Amino acid sequence: MSQLSVRHLLGIKNLTESDIYTILDTATQFKDVINRPIKKVPSLRDVTIANVFFENSTRTRLSFELAEKRLSADVVNFSASGSSVKKGETLLDTVNNILAMKVDMIVMRHSSPGAPHFLSERITANVVNAGDGTHEHPTQALLDAFSIREQIGDLAGKKIAIIGDILHSRVALSNIFCLKKLGAEVRVCGPTTLIPKYISSLGVQVSHNVKETLQWCDVANVLRIQLERLQVKYFPSLREYSLYFGINRQMLDELDRDIVLMHPGPINRGVELTSDAADSRQSIILNQVENGVAVRMAVLYLLAQQ
């Protein structure tokens with residue numbers, strides 16, 4: 001297996017095309033491992049990893065923890081809600097206290113964009129960004145790319161649509177960086193108020209027509225409305241958003257070909273996706289969850305070699 005050009009996974013922006021392919025190819029081997037009767041390998045037997053989450057998470061946290069245990073690493077879980085952070089302890093003090101217990105790698109989610117970058121410049125352990133505010137979520141983009149490649153082959157020249165709340169989504173930005181580096185055509189689609197002003201400077205198309213976008217794309221990656229991040233009203237109501245930008249099974253059936261339907265989760269059923277679309281044969285949402293473990297195993301394994 002090749003080595004990565006970076007010591008930390010802070011964002012897709014920091015990775016080369018070769019790094020991305022190295023992670024995806026390594027994840028393919030680890031997916032074989034997790035589908036065996038005995039799902040563990042001793043690759044990180046002497047490595048201790050701390051999952052440091054300052055924001056709520058279900059899929060990402062469980063996926064990282066399972067990936068770490070599949071690699072035989074020792075795992076420490078930290079949650080800000082029940083910690084000394086509530087007493088005023090700083091991010092750096094919190095992490096340095098964890099590192100004093102001889103931790104080798106930090107997997108961190110934080111509400112502030114750039115928090116993992118700040119940390120990586122001040123500590124010796126490897127840092128993996130599990131999502132920083134509305135900035136990046138690199139492992140989600142990597143597992144999305146892995147899932148697309150598994151379904152339709154090489155991404156070069158493929159048409160990928162990202163639909164929904166682009167403005168507040170760290171998944172969108174990481175996906176754009178990743179897909180563009182792998183040669184895909186990318187289009188973002190959503191209400192004008194939820195599309196960042198200068199997004200076209202990243203080399204993506206912009207649309208506000210969901211039906212036309214579904215007809216154009218090979219893969220539709222649908223994002224949820226980030227209700228917890230909406231400080232003002234970006235659209236009149238969830239009902240109206242669903243009416244103009246929601247996707248249902250009938251819309252998929254009316255297309256002249258099958259497309260792949262994705263969602264990073266959690267799904268707001270009945271808002272961005274109806275249940276009959278989310279659970280349709282074109283949906284690979286649960287495949288994404290499975291692939292997330294293999295991709296995160298690959299990331300942790302490769303960083304541990306640095």
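How many disulfides does the structure hold? Zero. Keep in mind that this is a predicted model.

**Stop 1: the cysteines**

Select cysteine 178. It is in no disulfide. The nearest cysteine sulfur belongs to cysteine 217, 17 Å away. A disulfide needs the two sulfur atoms within 2.5 Å, so cysteine 178 and cysteine 217 do not make one. Check the surface next: cysteine 178 has a relative accessible area of 1%, so it is buried.

Move to cysteine 217. This residue is in no disulfide either. Its nearest cysteine sulfur is that of cysteine 189, 9.4 Å away. Cysteine 217 is buried, with a relative accessible area of 0%.

**Stop 2: alanine 67**

Now select helix 2, residues 59–70, and pick out alanine 67. Is alanine 67 buried or exposed? Its relative accessibility is 0%, so alanine 67 is buried. Show what surrounds it. Beyond its neighbours within four places in sequence, alanine 67 is in contact with Val293, Arg296, Met297 and Leu300. Add glycine 292 to the view. Alanine 67 and glycine 292 lie 225 residues apart in sequence, yet their C-alpha atoms are 8.6 Å apart.

**Stop 3: valine 103**

Go to the loop between helix 3 (91–99) and strand 3 (105–110), and select valine 103 there. Valine 103 has 9% relative accessibility, so this loop residue counts as buried. Which residues is it in contact with, leaving aside neighbours within four places in sequence? Valine 103 is in contact with Thr48, Ile49, Ala50, Ile98 and Ala125. Finish with a distance: from valine 103 to serine 18, C-alpha to C-alpha, is 28 Å, with their positions 85 residues apart in sequence.

Conventions
Residues are numbered from 1 along each chain as its sequence is written. This is a predicted model: local features need pLDDT of at least 70, side-chain atom pairs count only at pLDDT 80 or more; totals for chains, interfaces and linings use all residues. Side-chain values use heavy atoms; hydrogens and water are left out. Helices (H or I, at least four residues) and strands (E, at least two) are DSSP runs, numbered from the N terminus. Buried means under 20% relative accessible area, exposed over 50%, partly exposed in between (1.4 Å probe, protein chains only). Contact means heavy atoms within 4.5 Å.
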